[in-house]
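User: Hey, I've got a protein open and I'm new to this. Can you walk me through it?

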Amino acid sequence: MKIGKKIAWALLIVFIGMQFIRPEKNEATGDHMAVFLQETNPPEDVRGILKTACYDCHSNQTEYPWYNAVAPVSYWLADHVKDGKRHLNFSAWTSYDAKKKEHKLEEVVETVKEGEMPLKEYTWTHEGARLTREQREAVAAWAQQSRSLYEPAASQE
Ligand code: HEC
């Protein structure tokens, strides 16, 4: 066998082997979003935007695309979700103190206004998450206003 062919076989075997290693899925059950939604009470349109553009990486519930069935894509997505949740997890709102909540909302205002969130890699494949200027402004306005729930002076800054 030629060396090139051997390498191709070896890679194929590694690829097949990878398919048996599945990262744990981020799929909570129950009403893990209730506290966050109750406290910050987003208007209907903002609720929809958060759901389609943010929750996949910032909550305990990810809606996986079909290609998550294929390793190493599944490893890559699992990493993104883990990293996203480590920075901000709306499902963990109860575990944040007021200062942290206020600060996270401030970052929501900044990242959404500046177009840093949702991540580009995500909007390539999730058309519904490509936000218009109006949608960005709606999210930023809600987040800005919600900051005052936790730090009364915050929304006047
Ligand atoms: C594809 C996954 C993904 C999506 C979708 C996504 N994010 Fe993120 N987000 C991340 C990752 C990963 C980080 C941390 C690394 C970074 O800042 O790039 C992050 C960081 C953040 C931070 C900074 C938190 C901190 O403590 O630094 C905020 C705020 C944020 N995201 C808000 C949002 C909002 C709001 C949306 C929806 C409009 C959104 N994200 C959509 C993955 C995502």
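Analyst: Sure, let's go through the ligand, the cysteines and the core.
This is a predicted model, where local features need pLDDT of at least 70, side-chain atom pairs count only at pLDDT 80 or more, and totals for chains, interfaces and linings use all residues. Residues are numbered from 1 along each chain as its sequence is written, and side-chain values use heavy atoms, leaving out hydrogens and water.

User: Cool. Which residues come nearest to the ligand?

Analyst: Of the 18 residues around the ligand, Cys54, Cys57, His58, Lys104 and Met117 come nearest. Being around it takes a heavy atom within 4 Å.

User: What lies 2.5 Å from an oxygen atom of the ligand?

Analyst: That's a polar side-chain atom of Lys104. It's a polar contact, meaning a pair of N or O atoms within 3.5 Å. His58 has a side-chain N or O atom 2.7 Å from a ligand nitrogen.

User: Back to Cys54: buried or exposed?

Analyst: Cys54 is buried, at 16% relative accessible area. Buried means under 20%, exposed over 50% and partly exposed in between, using a 1.4 Å probe and protein chains only. Cys57 is buried too, at 18%.

User: How many disulfides are there?

Analyst: The count is 0 disulfides, where one would be a pair of cysteine sulfur atoms within 2.5 Å.

User: New topic: what does Leu50 touch?

Analyst: Leaving out residues up to four places away in sequence, Leu50 touches Phe36, Pro42, Tyr55 and Trp142. Contact here means heavy atoms within 4.5 Å.

Methods:
Polar contact = N/O pair within 3.5 Å; in protein donor to acceptor, adjacent residues only side chain to side chain.
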